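Me: Please take a close look at one part of this model, a strand and its surroundings, and tell me how it is paired, how it is covered, and what lies around it.

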Amino acid sequence: SSVQVARSSSPRARRTDCPPRMMAAKGGKAAKAAAKAAAKPKVRKTDAKAKVMAKAKAKAKAKAKSKAEGRGLSEGLLGALNTDKPIRPVSRMCSKEADTASRPTGMPELLNPEGSKSRKVLILYTGGTLGMQALGNGTLGPIPGALGKSLRVLDELKQSRMPRCYFMEFDPILDSADMSPADWTSIARAVHHWYFEFDGFVILHGTDTMAYTASALSFMLEQLAKPVILTGAQLPIFEPISDARQNFLGAVVFAGLADISEVCLFFNGQLFRGNRAVKASASALSAFASASYPPLAELGCPIQIFRRRLREPPHGRFRLQEIHVTDVLVVWVIPGFSDDFFQPLLNSKTLKGMVLLLYGCGNAPARKAKFLGHLKRLVDSGIVIVACSQCTHGTVILEKYAVGKAFEDVGVVGGHDMTTEAAVTKLAYLLSKGLSPVEVRKSMSESLRGELTTQASCFTISEPVSGLSSL
């Protein structure tokens, strides 16, 4: 029987072309096994190869899933994590500059595994002086990958009380002077894409146009319930003496550990509302100021957060509104300007909005009848004109003086105490929503994100105060 088992286990004994009854005639367990094998369909080489490939693909997918879960990211984003392509959410970019916009590449890279697992912050590096280094020709410029390596060795990030920080670098790395609405959209898309995976966001940005980006994001990120903190530096982080380290760490603390529901700008120990901040100095370390609204928080001993100054958390669902209408003009009124400047604007087929920077609380030469006539024709053609003040402090009250009332009568909207940066980006945002000129004018005079103050408290002396008569 041993000989029979050896023969039945050989390849020849398992040929499928032998009838089952012939195999069974040999008897024994070997014959039964051969009969069972004969009943199975013949497996082709192509089918076997497909099974091997499917098995390898499933193994790779399981490995990627395990790796992603180790980083603390959800299964729903595995598709984005398994590719080195830039993050491109479903919504398309309508700007003409979409092809040249800077975009984040790769996937978030953990900088500090020692940080707290309960809090996570996504750091988006778009460019700016903070990450620049001295080049061979004596100028400063960004070097891809250099900033991430520098941030990884920061001792402050290695503390267990700090949030876990994930880093993404945009490509190309931009000087803020090159920032455009298409880049605002790219930044907003990244926040929207990773919104439910992180507790807060830090955007590293150049200082020159940081106030514009902060204002734009405050409108684009609708129903925002998490902190989005923009920061930068006047000196590179690679320099021995620099403000970059403090600004970066402060932004991380507020983004990861504070309960804030708005876009902010952190600089030199102060946290400002994003759409209230302006760049006040080109060289001082205290480069930003907020003249019309006090700081939301101050970095000191201890850290002070002024809760009453913060915006209330939203009740709606977070969503993104892109800015793609950029046909907005800013006009700074000066004494004796020529009225003929507005003549080409009357024939423009693209202009949709204008911000007029007037004197004081909204004054301009009302006796220039031709100027007022041009403004009326522009308003009648559907162009929204908003009046802001050239002054750092104060608010626009068109009805206060007769000269200002003349502008209100022709359809110019008062911008209250909005900064130029906030007025421009808010106007572009409302126009991008497809609102009518009447709806845009109404919204420009209302506070949408805390960008303006609608009422001012005044103290009026109506009768002599006790004691003045003795003087």
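Reply: In this predicted model, a good place to start is Tyr125, whose bridge partner in strand 7 is Leu204. That bridge belongs to the pairing of strand 3 (residues 116-127) with strand 7, which is parallel and runs over five bridges. Strand 7 is also joined by four bridges to strand 9 (residues 228-231), again in the parallel sense, and here Val202 stands opposite Ile229.

Turning from pairing to burial, five of the five residues of strand 7 (residues 200-204) are buried, so the strand is largely enclosed by the rest of the structure. The cover extends to both faces, with Gly200, Val202 and Leu204 buried on one side and Phe201 and Ile203 buried on the other.

Residues of this strand can then be followed into their nonpolar surroundings. Ile203 is touched by Leu217, which, leaving aside residues up to four places away in sequence, also touches Trp184, Ile187, Ala188, Leu230 and Val263. Leu217 is, together with Leu221, one of the residues with the most contacts inside the largest nonpolar core, a set of 57 residues. Helix 13 gives the most to this core, contributing eight residues. Val202, by contrast, is among the members of another core, which lies apart from the largest one and has 35 residues, including Cys165, Cys264 and Phe266. As general background, nonpolar side chains in soluble globular proteins tend to be buried together.

Helix 13 leads on to a further part of the model. The axes of helix 13 (residues 420-432) and helix 14 (residues 437-444) come within 10 Å and cross at roughly 145 degrees, and the crossing is right-handed. In their contact, Ala423, Lys426, Leu427, Leu430 and Leu431 of helix 13 meet Val440, Ser443 and Met444 of helix 14, a group that divides into six nonpolar residues, one polar and one charged.

Beside these helices there is an open sheet of four strands, paired in parallel in the order 17-18-19-20. Strand 17 (328-332) and strand 20 (413-414) stand at its edges with a single partner strand each, so one side of each is left without a neighbour in the sheet. Strand 20 is joined to strand 19 (residues 384-389) by two bridges, the two strands running parallel, and Ala387 has Gly414 in strand 20 as its bridge partner. Helix 14 packs on this sheet, where it touches strand 19 and strand 20 and has a direction that makes about 15 degrees with that of strand 19.

Note on methods: Residues are numbered from 1 along each chain as its sequence is written. This is a predicted model: local features need pLDDT of at least 70, side-chain atom pairs count only at pLDDT 80 or more; totals for chains, interfaces and linings use all residues. Side-chain values use heavy atoms; hydrogens and water are left out. Axes are lines fitted to C-alpha atoms, for helices over the stretch in contact, and angles run from 0 to 180 degrees between N-to-C directions. A crossing is left-handed if the near helix is turned anticlockwise from the far one by less than a right angle, and right-handed if clockwise. Contact means heavy atoms within 4.5 Å. Ala, Val, Leu, Ile, Met, Phe, Trp, Tyr, Cys and Pro count as nonpolar, Asp, Glu, Lys and Arg as charged, and the others, Gly among them, as polar. Two strands pair if DSSP finds at least two bridges between them. A nonpolar core is a set of buried Ala, Val, Leu, Ile, Met, Phe, Trp, Tyr and Cys residues joined through side-chain atoms within 4.5 Å. Buried means under 20% relative accessible area, exposed over 50%, partly exposed in between (1.4 Å probe, protein chains only).
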